[in-house]
Amino acid sequence: MPGQPAGTDRRRERRRLWKRIAARYDLYLMLLLPVLWYLVFQYGPMYGVQIAFKDFNPAKGITGSAWSGFDNFERFFSSYYFGRLLWNTVSISLFSLLIAFPLPILLALLITEIRSERFKKVVQNVTYIPHFISVVVIVGMLQLFLNPQTGLVNLMMKGAGLETVPFMESAGWFKTIFVGSNIWQNMGWQSIIYIAALSGINPQLYEAAKVDGASRFRRIWHISLPGIMPIVVIMLILDVGAFMNIGFEKILLMQNDLNKEASDVIQTFIYNNGILLGDYSYSAAIGLFNSAINFALLIMINGYARRKAETSLW
């Protein structure tokens, strides 16, 4: 209202806000636990990030340790392992993004096109089940099937007159085995969200396309894919935002001295230096560098998607 001080308007806005909160207090109480969880376990530990800029001494604590500035970062960037670690991490992530990302979309499209409901359920169950197998079991299966002497794959190769290959001990095969086994384990589970998105497309669009004489491929290309494109963009943003996180546990289980040239990534290097060697400041600096790249990629891909596809996380 003209002539009223700005402070009066702000007080009225605050009162209206508290009234809305009081009217929906039960929903805000349900929100309280997730917010507390994020504050305690996600934002609280960020206090310890400062040890990346310190010469951390556990006896002195975080506040008592001396500042070292960017010495830990310079040590990492100038180390012999930096180029290899960065290349292995980026190449495995890029390989996964280019090969593993589109396959769940194709699987969802194929499952949706299956006419027999019984066969569709069988395909879904067969592709979902590997997701629930432990990573330890998956690596054990790989070692069993790819064993150069007794593995099923090498026995079949020997029967075909080919030479056996020590797949798990070969640096050249590591990335293919890692990404391929990830696809087998997670493709079916990742396709669920696309199947759900496809089920939300208006069936009348398909009926109209059939009347117009559109083939099945045309219906997929012009109706199914555009219908799920917002979900595809969101999933792509999330995947790019975690580009530098490539499955530390599985790589550690698959890693050995013979394939380390291809399997040594930033996360395993952090584990070896931070947990095993106790070099906390150095490993914290490397971890912060890794997270900074993820954050920068997330901001860039989200902004690009907002401009080009008009779909984004925020």
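## Glu13 and its partner in helix 1

Glu13 has a relative accessible area of 44%, so this residue counts as partly exposed. In this predicted model, its side chain forms a salt bridge with that of Arg16, at 2.5 Å from N to O. Both residues belong to helix 1 and sit three residues apart, about one turn of the helix. Arg16 is partly exposed as well, at 42% relative accessibility.

Helix 1 (residues 6–23) also holds Arg15, which is partly exposed at 48% relative accessibility. Arg15 belongs to a positive surface patch, together with Arg10, Arg11, Arg12, Arg14 and Lys19.

## Salt bridges further along

The count of salt bridges comes to six. One of them pairs Lys120 with Glu117, at 3.8 Å from N to O. These two residues lie in helix 7 (residues 117–128), three residues apart. Lys120 is buried, with a relative accessible area of 15%, whereas Glu117 is partly exposed at 49%. Elsewhere, Glu113, Arg115 and Arg216 are joined into one network by salt bridges that share partners.

Within that network, the closest N and O atoms of Glu113 and Arg216 are 3.3 Å apart. Because Glu113 is in helix 6 (residues 102–113) and Arg216 in helix 12 (residues 216–241), their salt bridge ties together parts 103 residues apart in sequence. Glu113 is buried at 16% relative accessibility, while Arg216 is partly exposed at 41%.

## The two sides of helix 8

Now for helix 8 (residues 135–145), whose buried residues are Ile138, Val139 and Leu142. They lie on the same side of helix 8, because they cover an arc of only 95° around the axis. Val136 and Leu144 are exposed on the other side.

Methods:
Residues numbered from 1 in each chain as written. Predicted model: local features only at pLDDT ≥ 70, side-chain atom pairs only at ≥ 80, totals over all residues. Heavy atoms only, no water. Patch = residues over 30% accessible without salt bridge, like charges linked within 9 Å, V, L, I, M, F, W, Y side chains within 5 Å. Areas by Shrake-Rupley, 256 points an atom, 1.4 Å probe, with all protein chains shown as cover. Salt bridge = Lys/Arg side-chain N within 4 Å of Asp/Glu carboxyl O. Lys, Arg positive; Asp, Glu negative; His and termini not counted. Charge placed at Lys NZ, Arg CZ, Asp CG, Glu CD. Helix = DSSP H or I, 4+ residues; strand = E, 2+ residues; numbered from the N terminus. Buried < 20%, exposed > 50% of the residue type's maximum accessible area, 1.4 Å probe, protein only. Arc of directions from axis to C-beta.
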